[in-house]
Amino acid sequence: MDREPGLPARADMMRAVCGVTGSADPVLAAAHELAALHERREQLVPGDTSDIDWERARLVCEIDRWVLLRSPKPPTTAPMHTESIGAVVDRMAHFAALTYRALACGAEAELRAAQQRLHELACGYDDLVAEVANGTRRLPDGSDDAPGSGRDQADQHRPGTE
């Protein structure tokens, strides 16, 4: 069986959350959609954003599903990260939208703060992807690892679990 492709590199993820399209990769496509949703959310007058937030939650779950399929199963002794890769990507998309908003408004202090936070998140994403790829970090996935919970079905497609 061919090995599933690895998780997107930091540079590719940054391009996706900053609005550059053109990738057939489902994780990058979802990241790009998250960025568009955050941009729409930033433009709304405070009010009901539940439709946007529902769609964001769906995309985060989609990213997490792809991460589960593409990543080796870590040992149960590996430390658990506090959030999923999908959640990290959602936050990156949020700070990319805040960066564009601050740039458009000429808000220099907010621009620097959003750029700094986006850079920090991108570095954290890079570290997390490397740890997941080498099996030294586990991710929360919402399942309890019980039969029928979803993990056993994902393991059928996960590299190294044939």
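Of the contacts in this chain with a separation of 6 or more, 70% are between residues 24 or more positions apart. I should state at once that the model before us is predicted.

Let us turn to the secondary structure. The chain has 6 helices and 0 strands. Reading along the sequence, one therefore meets the pattern α-α-α-α-α-α.

Next, burial and surface. The chain has 162 residues, and 36% of them are buried. Its accessible surface is about 9,100 Å². Carbon and sulfur atoms contribute 54% of that surface.

I should now like to consider one pair of helices in detail. Helix H1 covers residues 10–17, and helix H5 covers residues 108–133. The axes of H1 and H5 lie 9 Å apart, and the two helices pack at an angle of about 135°. Why are H1 and H5 described as oblique to each other? Angles over 145 degrees count as roughly antiparallel and those from 65 to 115 as roughly perpendicular. The angle of about 135° falls in neither group, so H1 and H5 are oblique to each other. As for handedness, the crossing of H1 past H5 is right-handed.

Which residues make this contact? From H1 come Arg10, Met13 and Met14. From H5 come Leu118, Ala122, Cys123, Tyr125 and Asp126. Sorted by class, the contact of H1 with H5 contains 6 nonpolar residues and 2 charged residues, with no polar ones. The charged residues are Arg10 of H1 and Asp126 of H5.

To close, I would ask you to find H1 and H5 in the structure and to follow their right-handed crossing.

How values were computed
Residues are numbered from 1 along each chain as its sequence is written. This is a predicted model: local features need pLDDT of at least 70, side-chain atom pairs count only at pLDDT 80 or more; totals for chains, interfaces and linings use all residues. Side-chain values use heavy atoms; hydrogens and water are left out. Axes are lines fitted to C-alpha atoms, for helices over the stretch in contact, and angles run from 0 to 180 degrees between N-to-C directions. Helices (H or I, at least four residues) and strands (E, at least two) are DSSP runs, numbered from the N terminus. Angles under 35 degrees count as roughly parallel, over 145 as roughly antiparallel, 65 to 115 as roughly perpendicular and the rest as oblique. A crossing is left-handed if the near helix is turned anticlockwise from the far one by less than a right angle, and right-handed if clockwise. Contact means heavy atoms within 4.5 Å. Buried means under 20% relative accessible area, exposed over 50%, partly exposed in between (1.4 Å probe, protein chains only). Accessible areas come from the Shrake-Rupley method with a 1.4 Å probe; for residues, only the protein chains shown count as cover.
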